[in-house]
Amino acid sequence: MNIIPESQYKKIFTGSKITAQHLKLVLEEAGISSIERDDAESALRAGYVAAFDNDTKLFVNKKDILKAKHIVSTTLENMDKDKLSDDEFAKIAEQKNDIISISSSKNTQKKETYRRSPFNVVLNILIVIYSIWRLSPLLRGETLSTLRIVVSSSLILFCSWAIIRHFRQKNV
């Protein structure tokens, strides 16, 4: 009797983290999702100092196992044939950095604005009205506690600022 249920994933590769990440990208391009597992990194993040091998495991769904094994084997064969020199690796790395910097500069141009929900705006208006009502005895010359004045005044200022900011952003 097996206590652990049968997994829907099968291991197709064990090796270096860099190679596993490359294979994962190649598999994703082929439409196969994969899971990367690094026991040594997991142990370090959890605070354990254990002697794990530095191998990363790559798993795919059982239904994609044949196609994935074929892709992994051909990719690994091509990697062995295409051994690159250090200069070629440096050129490829520079090209990747240029692409990353271009895409990140495009992403920074987009400015997302936070929009308050109608419920939030109505709630802020109600808080302002309630806080003004709580301070209304001051207009009749009555005395109030300092804490009540400070809290109600702060709520009026903050909620008014939120309402004004909401409608200013809406017009922009």
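## A buried threonine, a charged trio and a one-sided helix

In this predicted model, T56 touches F13, T14, G15, S16, K17, A20, E36, R37 and D38, leaving aside residues up to four places away in sequence. T56 itself sits in strand β3, which covers residues 56-61. Is T56 buried or exposed? With a relative accessible area of 0%, T56 is buried, since anything under 20% counts as buried.

Three of the residues that T56 touches, K17, E36 and D38, turn up again in the salt bridges. The count of salt bridges comes to three. One of them pairs K17 with E36, and the closest N and O atoms are 3.6 Å apart. K17 belongs to helix α1 (residues 17-29) and E36 to strand β2 (residues 34-38), so this pair ties together parts that are 19 residues apart in sequence. K17 also forms a salt bridge with D38, this time with 3.9 Å between the closest N and O atoms. Here, too, distant parts of the chain are linked: K17 in helix α1 and D38 in strand β2 are 21 residues apart.

How do these charged residues sit with respect to the surface, and what is the relative accessible area of D38? D38 comes out at 14%, so D38 is buried. K17, at 31% relative accessibility, counts as partly exposed, and E36 falls into that class with 23%.

The remaining salt bridge joins R140 to E142, with the closest N and O atoms 3.5 Å apart. R140 is exposed, with a relative accessible area of 59%, while E142 is partly exposed at 42%. As for K17, E36 and D38, salt bridges that share partners join them into one network.

Now for helix α5, which runs over residues 118-135. Helix α5 has 18 residues and reaches 26 Å from its first C-alpha to its last, close to the 26 Å expected at 1.5 Å a residue. Which residues of α5 are buried? They are V121, N124, V128, S131 and L135. Seen down the axis of α5, these buried residues fall within an arc of 90°, so they line one face of the helix. The face turned away from that buried side carries the exposed residues P118, F119, I129 and W133.

I129 has a second role in this picture. Together with V122, I125 and L126, I129 forms a nonpolar patch on the surface, and the four share about 350 Å² of accessible area. I125, which is found in helix α5, is partly exposed, with a relative accessible area of 34%. That value fits the patch because its members need over 30% relative accessible area.

Stepping back to the whole protein, there are six helices and three strands. From the N terminus on, the elements run β-α-β-α-β-α-α-α-α. The protein has 172 residues, and 24% of them count as buried. Its accessible surface comes to about 13,600 Å², with 60% of that belonging to carbon and sulfur atoms. What share of the contacts with a separation of 6 or more comes from residues 24 or more positions apart? Such residues account for 67% of those contacts.

Definitions and conventions
Residues are numbered from 1 along each chain as its sequence is written. This is a predicted model: local features need pLDDT of at least 70, side-chain atom pairs count only at pLDDT 80 or more; totals for chains, interfaces and linings use all residues. Side-chain values use heavy atoms; hydrogens and water are left out. Patches are made of residues with over 30% relative accessible area and no salt bridge: like charges are joined within 9 Å, nonpolar side chains (Val, Leu, Ile, Met, Phe, Trp, Tyr) within 5 Å. Accessible areas come from the Shrake-Rupley method with a 1.4 Å probe; for residues, only the protein chains shown count as cover. A salt bridge is a side-chain nitrogen of Lys or Arg within 4 Å of a carboxyl oxygen of Asp or Glu. Helices (H or I, at least four residues) and strands (E, at least two) are DSSP runs, numbered from the N terminus. Buried means under 20% relative accessible area, exposed over 50%, partly exposed in between (1.4 Å probe, protein chains only). Contact means heavy atoms within 4.5 Å. The expected span of a helix is 1.5 Å times one less than its number of residues. The arc is that of the directions from the helix axis to the C-beta atoms.
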